[in-house]
Amino acid sequence: MADLKNNLSVLAEAYGNPRARLDYYLGQGKKVIGCFPPYTPEELVHASGMIPMGLWGGQTELMRAKSYLPAFACPIMQSDMEFGLSGAYRGLSAVIIPALCDTLRCMTQNWRFGVPGIPMIPIVYPQNRRSPASVDYLISEYESVLTMLSTITGQMMNEQALCRSIEIYNEHNAVMREFAQTANEHLDIVTPRVRHAVMKSAFFYEKSEHSAIVREIIAELKKLPAYAHPGKKVVLAGIMCEPDELLGIFEENDFAVVGDDLAQESRQYRTDTPAKGGGSLRRLALQWNCRTGCSLIHEDGKPRGEMLASLCRLSGASGVISCMMKFCDPEEYDQPYYEGDLRSAGFPCLSIEIDQQNTSYEQARTRIETFREML
Ligand code: SF4
């Protein structure tokens, strides 16, 4: 139990202080690349011998970012821009920005002009994934990213290194999926805040290091008797669910999170890079084609509602909380479809607004309390 507590607090510390993690790697003489969310090809950074570090915004006062982004840009990009302009990301060798939505597309140019001290590497993913040309196109995008990364390291990554990095990332995916499953038997320990800290801390670690810590957490949890959670169980959908004050309201209301479709959490772990299909760059491109149920990826038939309903059935959740990132168009377009499908499947859905800069949670508290009564 001492190891379990220690490992959980190590990850909570990393989650609470990403700057310390950046300084730790810089202190080891490593180069660190900032990875804008979501789906930045971290494997390319890892295989190039550098540390990929997630940039998911955070709580800060928006001052200079307002000169670059309109007030209706999502809070993650507002705060990432503010951190870039204020020097909070000093030490990064570059950032990679996947241009997956209109705001991210704007960010590529805003960053280029606003933060010239940290080079920006853009990547554009194909949305017509049925065309065989999409794989070749994505490989050429990856090659451009690798060329830019090689100007930082002074050498080009090799095939063997990328194969190894893909293995490490697939292993990490499996470990995180196992953690999510094991956590559901120990909801007294893995509260919504603890679950989120374990998930998010992954962005601030080299992945094999994070896998090693989470494996120990899983092993310790498995030694404990299963806990029957007396409160309600829910699944979270959306881009992310934070800050801690909001997750604390779930806990006050005896809600346990037993599954999620958050872009920051399980959505990134559910699709492995295939073991076969060609060279490592081609396999990485095929992973993109295998991703499903994501608001940022075009897909006929909108399967997300059924996917969420099935997650509720498997995890014993009574409903879904849609964590709607403020001003996030891709999520707003998807929401009516998956909410309708969830209702037809008999699962109620509550929508709450996510704004990292919010300081008052009274409206969310009232809505969450009411939802508890409904379930
Ligand atoms: S997908 Fe949504 S949350 Fe992510 S950058 Fe775009 S608008 Fe912001």
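This is a dialogue between a student and a tutor about how to read several features of a predicted model.

Student: Where should I begin, and which residues have the most contacts inside the largest nonpolar core?

Tutor: Begin with a general idea: in soluble globular proteins, nonpolar side chains tend to be buried together. In this predicted model, the largest nonpolar core has 104 residues, and those with the most contacts inside it are Trp111, Phe179 and Phe250. If you look around Phe179, leaving out residues up to four places away in sequence, you will find that Phe179 touches Val190, Arg195, Val198, Met199, Val214, Ile217, Ile218 and Leu221. There is also a second, separate core of 14 residues, which includes Leu187, Val235, Ala309 and Val320.

Student: Phe250 came up just now; which residues of helix α10 are buried, and what covers them?

Tutor: Helix α10 spans residues 244-252, and its buried residues are Leu246, Leu247, Gly248, Ile249 and Phe250. The elements that cover these buried residues include the helices α8 (192-201) and α14 (362-374), together with the strands β5 (232-238), β6 (255-262), β7 (319-325) and β8 (349-354).

Student: How many disulfides are there, and why does Cys163 not form one?

Tutor: In general, a disulfide is a covalent bond between the sulfur atoms of two cysteines. The count here comes to 0 disulfides. For Cys163, the closest cysteine sulfur is that of Cys290, and because the two sulfurs are 17 Å apart, they are too far from each other for a bond. Cys163 is partly exposed, with a relative accessibility of 25%. Cys241 is in no disulfide either, and its nearest cysteine sulfur, in Cys323, is 3.7 Å away, whereas the cut-off used for a disulfide is 2.5 Å. Cys241 is buried, at 1% relative accessible area.

Student: Where does the ligand sit, and which residues are around the ligand?

Tutor: To read a binding place, ask which opening holds the molecule and then which residues surround it. The ligand sits in the largest pocket, and the residues around the ligand are Cys74, Ile76, Met77, Cys101, Thr103, Leu104, Leu296, Met325 and Cys328. Two helices, α4 (75-86) and α5 (102-114), each supply at least two residues of this shell.

Student: Which residues does a cis peptide bond join, and where are the prolines found?

Tutor: The angle to read here is omega. One cis peptide bond joins Pro37 and Pro38, with omega about -25°, and Pro38 is found in the loop between β1 (32-35) and α3 (42-47). Another cis peptide bond joins Glu242 and Pro243, with omega about 10°, and Pro243 is found in the loop between β5 and α10.

Student: What is the phi of Asp254, and what is the phi of Lys302?

Tutor: Here you read the sign of the angle along with the kind of residue. Asp254, which is not a glycine, has a positive phi near 60°, and Asp254 lies in the loop between α10 and β6, where its relative accessibility of 43% makes it partly exposed. Lys302 is not a glycine either, and its phi is positive, about 45°. Lys302 is placed in the loop between α11 (280-290) and α12 (304-315), and counts as partly exposed at 33% relative accessibility.

Student: Is His186 buried or exposed, and what does His186 touch?

Tutor: It helps to read the place, the accessibility and the contacts of a residue together. His186 is in the loop between α7 and α8, and is buried at 4% relative accessibility. Not counting residues up to four places away in sequence, His186 touches Leu221, Lys222, Leu224, Pro225, Ala226 and Tyr227. You can read Thr182 in a similar way: Thr182 belongs to helix α7 (residues 159-183), and counts as buried at 8% relative accessibility. With the neighbours up to four places away in sequence left out, Thr182 touches Ile218, Leu221 and Lys222.

Student: Where does Arg64 lie, and which residues is Arg64 in contact with?

Tutor: Arg64 lies in the loop between β2 (51-54) and α4, and is partly exposed, with a relative accessible area of 46%. Apart from neighbours within four places in sequence, Arg64 is in contact with Glu82, Leu85 and Ser86. By contrast, Arg64 and Gln287 are 223 residues apart along the chain, and their C-alpha atoms are separated by 37 Å.

Note on methods:
Residues numbered from 1 in each chain as written. Predicted model: local features only at pLDDT ≥ 70, side-chain atom pairs only at ≥ 80, totals over all residues. Heavy atoms only, no water. Core = buried A, V, L, I, M, F, W, Y, C linked by side-chain atoms within 4.5 Å. Buried < 20%, exposed > 50% of the residue type's maximum accessible area, 1.4 Å probe, protein only. Contact = heavy atoms within 4.5 Å. Helix = DSSP H or I, 4+ residues; strand = E, 2+ residues; numbered from the N terminus. Near = heavy atom within 4 Å. 1 Å grid on protein atoms, 1.4 Å probe; cavity = no way out; pocket = protein on both sides within 12 Å on 5 of 7 lines; lining within 4 Å. Sits in = over half its atoms within 2 Å of the grid points.
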